[in-house]
Amino acid sequence: MRRAFAAAAALAVLVPLAGSVPATGAATRAKFDTRVFARVARPGYPAYVHVSTTTGRVYAGTYTNPQGDTQRSRVYEWTPSGALLRSWTVPGQDLSQEHGVQVATNDAAGRLVLLEKSTRRIMRLNVRTGRFSTYSRLPSGSIPNYAAWGPTGALYVTDYAKGVIWRVPRGGGTARAWFRDPRLAGNEFGTTGIVMGPARKAFYLTQQTTSAPGFDPTKGYLFRLGLRADGRPGALRLLWTSGSTDLPDGFGIGRSGRFYISLAGLTNQLAVVAPDGTELRRFPGTPFTGDNGSAIPFDTPSSATFSGRRVLVANQSFTGDTTHHAILDVYVGEEGMPIYVPRSAGVR
């Protein structure tokens, strides 16, 4: 997500829009047809959308309000068609600091994995009981951003503030630095998305900016980080370079191997990138306006999570146009690679 600079995440009410689109999308929808899945009332700022691998339900949390507030963040649950079911208030936040929560993934039992900004906690939410628990915590100065499971049930977490990928052992506990690289050190905007590749031999990472020598500090990047058979990190390889001020954020991988990457910077687009790193197209074709044909334009689009043949985009609207706070439904015409959740995920 794009980083905010003040305490946030007030008591938001997410209002589903009547007539939301079914999970698989209508057969007659044109490619990149965009509709509103759910509106997000103030302060909003949804930064990521997660679709449960156990139930297919849709989840998002309220993230940092750059204007500042002292309200606790909330986690919301919808049906695949956008009907709001339940919500939970996040406990234990430091409301004097920038605060917010992202629903990063779920474990094998269906419990949600949450990343909380003010306390750097990795939490779990049991949606059956409403119970929150602490799974791990990153060191001081870190900002947990996105997370993905590895084959042995360890959790790998990107750090928006430091050039490091953290590894939390199976079942939780102390997070250890697993991979460091100068290319993951951002110029204020750091490492964002992380997705396990379909062959389980690599993670894919998005980087909004980097201060590494030889790289353009105004551009973002998509990297492939190898995963060795012994669990150690392999080589970090550059796949794709964005344009200036794009700030690539959350992304999904289609069954074709294409990457659908949200660009949370000034351009307000989705980029479609081939498996070899070739950029195929952008939507909308005209940058900056965010004009996607729906009632709400792209405004800091911060995720592209597959649900059927569509991607769900968290419209964070970082600059604070509250009428743009929403989750948008973009039909892409192909299904996504399943989110990887091994049977050992979350199990001690």
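Here are some notes on side-chain contacts, the main pocket and a few backbone oddities in this predicted model.

1. Salt bridges, starting with a short-range one. The structure has 15 salt bridges. One of them pairs Asp181 with Arg183, with N and O 2.8 Å apart. The two partners fall into separate burial classes: Asp181 is buried at 15% relative accessible area, while Arg183 is partly exposed at 22%. The cut-off sits at 20%, so Asp181 at 15% lands under it and Arg183 at 22% does not.

2. Arg282 and Asp246. Their side chains make a salt bridge at 2.7 Å, N to O. This one links distant parts of the chain: Arg282 belongs to strand β22 (residues 279–283), and Asp246 sits in the loop between β18 (233–244) and β19 (248–253), 36 residues apart. Both Arg282 and Asp246 are buried, so have a look at this pair if you care about charges under the 20% cut-off.

3. Glu334 and Arg258. Here the closest N and O atoms are 3.8 Å apart, and a salt bridge is counted within 4 Å, so the pair makes the list. Glu334 is in the segment after β25 (326–331) and Arg258 in the loop between β19 and β20 (259–263), so the bridge ties together parts 76 residues apart in sequence. Glu334 counts as buried at 11% relative accessibility, whereas Arg258, at 31%, is partly exposed. Elsewhere, salt bridges with shared partners join Arg29, Asp33, Arg35, Arg310 and Asp329 into one network.

4. Aromatic pairs: the stacked example. The count comes to 15 aromatic pairs. Phe32 and Phe283 are stacked, with ring centres 4.9 Å apart and 20 degrees between the planes. In sequence they are 251 residues apart: Phe32 lies in the loop between β1 (14–16) and β2 (34–40), Phe283 in strand β22. Are these two rings buried or exposed? Phe32 is buried at 4% relative accessibility, and Phe283 is buried too, with 10%. Phe298 joins Phe32 and Phe283 in one aromatic cluster.

5. Aromatic pairs: the tilted example. Phe215 and Phe223 have ring centres 6.5 Å apart and planes at 55 degrees, so this pair is tilted. Phe223 is buried, at 0% relative accessibility, but Phe215 is partly exposed at 22%.

6. The largest pocket. Its volume is about 650 Å³. The lining takes in 38 residues, and those nearest the centre are Thr305, Phe306, Met337, Pro338 and Ile339. Which strands supply at least two lining residues each? They are β3 (46–51), β7 (101–106), β11 (144–149), β15 (191–196), β19 and β23 (305–307). By class, the lining has 21 nonpolar, 14 polar and 3 charged residues.

7. A closer look at β7. This strand contributes at least two residues to the pocket lining, and 6 of its 6 residues are buried. Strand β7 runs antiparallel to β8 (residues 112–116), with 5 bridges joining them. Val103, for instance, has Leu114 of β8 as its bridge partner. The two strands form a hairpin with 5 residues between them, and Gly110 in the turn has a positive phi of about 90 degrees.

8. A cis peptide bond. The bond from Phe283 to Pro284 is cis, with omega near -10 degrees. Pro284 is in the loop between β22 and β23. Note that Phe283 is also the stacking partner of Phe32 from point 4, so anyone checking the cis bond can look at that buried ring (10% relative accessible area) as well.

9. Positive phi outside glycine. Two residues are worth a glance here. Arg120 has a positive phi of about 65 degrees without being a glycine. Arg120 is found in the loop between β8 and β9 (121–126) and counts as partly exposed at 21% relative accessibility. Asn268 has phi near 55 degrees, again positive in a residue other than glycine. Asn268 lies in the loop between β20 and β21 (269–273) and is buried, with a relative accessible area of 10%.

Technical notes: Residues numbered from 1 in each chain as written. Predicted model: local features only at pLDDT ≥ 70, side-chain atom pairs only at ≥ 80, totals over all residues. Heavy atoms only, no water. Buried < 20%, exposed > 50% of the residue type's maximum accessible area, 1.4 Å probe, protein only. Helix = DSSP H or I, 4+ residues; strand = E, 2+ residues; numbered from the N terminus. Phe/Tyr/Trp six-rings, centres within 6.5 Å; stacked < 30°, edge-to-face > 60°. 1 Å grid on protein atoms, 1.4 Å probe; cavity = no way out; pocket = protein on both sides within 12 Å on 5 of 7 lines; lining within 4 Å. Points joined across faces, edges and corners; volume = space filled by probe spheres on them. Nonpolar A, V, L, I, M, F, W, Y, C, P; charged D, E, K, R; others polar. Pairing = 2+ DSSP bridges.
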